Every structure is written in C-alpha cells, then in structure tokens.
Amino acid sequence: MSDGLAGKVAVVTGAGAGIGLAVARSLADAGCRVVMADLDPSACADVTEAGVSVAVDLGTPDGVAALVETATTRFGGVDVLVNNVALAPYRDTFTAVDDAAWQRSWDVNVMSCVRLCRAVIPLMAARGGGSVVNIGSEAARHPKPYLVDYSVTKAALLSLAKALSIEYGPKGVRVNTVAPGPTRTSTMDSFLAALADRLSIDIDAAADHFVNEMRKLPLGRMNRPEDVAQVVLFLAGDRSRQVTGAEYAVNAGGTASV
Ligand SMILES: NC(=O)c1ccc[n+]([C@@H]2O[C@H](COP(=O)([O-])OP(=O)(O)OC[C@H]3O[C@@H](n4cnc5c(N)ncnc54)[C@H](O)[C@@H]3O)[C@@H](O)[C@H]2O)c1
C-alpha cells in the first residue's frame, strides 16, 4: 500500500526548527506541498521548493487565519495538518506562573490547534477526508512540576484529539496524537548544556548521563527529530487509514506504565 501523500497539501506548525522542521522535510520527501508556519521560518527555505513558508505568531487568531488563508489561496485546501508548535518554558515554582504566562502557553499550545482544526477540518471533509496529527508529549500523562502549564496543555490536546476523532471520523477525517519523549532539539540542548555545566562534562556526555542514568531509557538513545517525524508520516498517510483517536508514544520506552 502506498502512503498516498504525493500531491497532498500539508500544513505544519512550528516548522522552523526541531521536530516540526523534520516533519516538514519528511512530508516534502513524500511528495506533499508543505505550508510551513513559524515565528521565524528562515530555516524552512530548503524544504519549500514545492511549498511555502509563512511567518506568523500561532498564538493569535490572526496568525492562524493568515496561515489558513495562505494554504487555501496557494493550494486550494488542506489534506494533512500537523499541530506541532508549543512553548515549554521551565518554571521554578507553580506560584511563579502568573495568568499572563498561563494564557500564553494556552494560546500557543492549545488554541493554535483548536483554531486550526476549526478552520481546516471542514476543508478536509469537503475534499473527502484528511489527517490531523497533534504533537503531544509524555508530559501529558506524566506531568512535570517544572513544566506545569506545558503538561496541562498537552493533556488538553489528548482530550481534544479524541473528541474530534469521534465527531469527524464519519467525514473521513482522522485525528491522532504523537507523544514524543526526550528529543534532541534546541530546547533539549539548552537543558543538556545546563546539565553539562552542573556536572562539568561536555554536552554529549550530559546527553548520555540523562539517557542512561537519569531517565534510564530502555532503548538507551534519545530521539532525533527524524524519529518522531517517521511516526507522524505514518499517521499522515494512508498506511494508517484505520487509525484514529490514537496516541503513539515515541520515547525509547521511557514511560513505565501499562
Ligand atoms: N524536544 C523534546 O524533547 C520534546 C519532547 C516532547 C514533546 N515535544 C513536542 O514536540 C513539539 C516540537 O518541539 P521542538 O523541541 O521541536 O520545539 P523547538 O523549540 O525546537 O521548535 C519550536 C518551533 O516553534 C516556533 N514557535 C514557537 N512559538 C511560536 C509561535 N507563537 N508562533 C509560531 N511559531 C512558534 C519556534 O520558532 C520554533 O521554530 C512541541 O509540541 C513539543 O511540545 C518535544
């Protein structure tokens, strides 16, 4: 069975770096025309030959509207939507997170997805169906106090995906979640740099310490963005045509629960 992605229109949020950039590359390699949205899309240049990049703040209604407008005017609709953008600020204590900080995390991590799904799912249904993939996190089911608002938003995305999968399955729109564990992106590198400093070792040794001593990841290796992108690609295309409302963990076996 082919993945059926050649010629499809795919929207990827937070596509300027890390997992989003790897997802956009994989979809482009599969033949999609990719609409890549980011505050800073400069890194998207080498993937946009058959697509386009848009500089928008996805935490605002206007940013989301501009993205949808670009996808529809340039390509006439959307077949695949990957809601990847998120903020994951480290918090010292719960009480230090004020209303404005909660609101910003909610707007970027949840409302970007809500607004995009509201605009795009009817377009997918009008084309006979489509695939939405939300990038969650292991923090949804294993909340971290130092990522308190982030963890809450990722739990909310799970509920949203399940509700949408039930409502829109009959219209041919599938909605799934990919929940990464630790993944070597710039966010992770900042954390590893701080760990390296604390332990007086280099960053690769800090990564090794994190994987094998702190997290004890069964596969003994941290995700690369491409590892997450491959699972997104599966969920975006026809090979997963019977899969909806599901959550795929990509975490080297790092969550010990049934
Ligand atoms: N890296 C990890 O270890 C990890 C683990 C679990 C889940 N995730 C999830 O994977 C996804 C991607 O994470 P990442 O580490 O690749 O992120 P990243 O920080 O490397 O990249 C995020 C991108 O989003 C863009 N962005 C941020 N705010 C924006 C806004 N308001 N509007 C438009 N663009 C904006 C940034 O410019 C950046 O290019 C997120 O949903 C994250 O929660 C990551």
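The following dialogue examines how terms are applied to aromatic pairs, salt bridges and the domain interface in a predicted model.

Mentor: Residues are numbered from 1 along each chain as its sequence is written, and side-chain values use heavy atoms, without hydrogens or water. Because the model is predicted, local features need pLDDT of at least 70 and side-chain atom pairs count only at pLDDT 80 or more, while totals for chains, interfaces and linings use all residues.

Trainee: Why is the pair of phenylalanine 191 and phenylalanine 210 called edge-to-face?

Mentor: Rings of Phe, Tyr and Trp (its six-membered ring) pair if their centres lie within 6.5 Å; planes under 30 degrees apart count as stacked, over 60 as edge-to-face and the rest as tilted. The centres of phenylalanine 191 and phenylalanine 210 are 5.2 Å apart and the planes stand at 70 degrees, which gives an edge-to-face pair. Phenylalanine 191 lies in helix H5 (residues 186-199) and phenylalanine 210 in helix H6 (residues 203-214), 19 residues apart. Helices (H or I, at least four residues) and strands (E, at least two) are DSSP runs, numbered from the N terminus.

Trainee: What makes the pair of phenylalanine 234 and tyrosine 248 tilted?

Mentor: The ring centres of phenylalanine 234 and tyrosine 248 are 6.0 Å apart and the planes are at 55 degrees, so the pair is tilted. Phenylalanine 234 belongs to helix H7 (residues 225-236) and tyrosine 248 to strand E7 (residues 247-250).

Trainee: Which of the terms buried and partly exposed applies to phenylalanine 210, and which to phenylalanine 191?

Mentor: Buried means under 20% relative accessible area, exposed over 50%, and partly exposed in between (1.4 Å probe, protein chains only). Phenylalanine 210, at 9%, is therefore buried, whereas phenylalanine 191, at 22%, is partly exposed. Both belong to one aromatic cluster with Tyr90 and Tyr146.

Trainee: How do you know that aspartate 149 and arginine 91 form a salt bridge?

Mentor: A salt bridge requires a side-chain nitrogen of Lys or Arg within 4 Å of a carboxyl oxygen of Asp or Glu. For aspartate 149 and arginine 91 the N to O distance is 2.6 Å, and the pair meets the rule. Aspartate 149 lies in helix H4 (residues 148-168) and arginine 91 in the loop between strand E4 (80-83) and helix H3 (99-126), so the bridge ties together parts 58 residues apart in sequence. Aspartate 149 is buried at 0% relative accessibility, and arginine 91 is buried at 18%.

Trainee: What makes glutamate 138 and lysine 144 a salt bridge?

Mentor: The closest N and O atoms of glutamate 138 and lysine 144 are 3.9 Å apart, and the cut-off is 4 Å. Glutamate 138 counts as buried at 9% relative accessibility, as does lysine 144 at 18%.

Trainee: How do you know that domain 1 and domain 2 are in contact?

Mentor: Domain bounds come from an automatic or database domain assignment, here domain 1 (9-183 + 224-248) and domain 2 (184-222). Contact means heavy atoms within 4.5 Å, and 9 residues of domain 1 are in contact with 8 residues of domain 2. The area buried between the domains is about 840 Å², of which carbon and sulfur atoms give 54%. Pro182, Thr183 and Arg224 supply 59% of the area that domain 1 buries against domain 2. Such area is the accessible area (1.4 Å probe) that two parts lose on being put together, summed over both. The salt-bridge rule finds 2 bridges across this interface.
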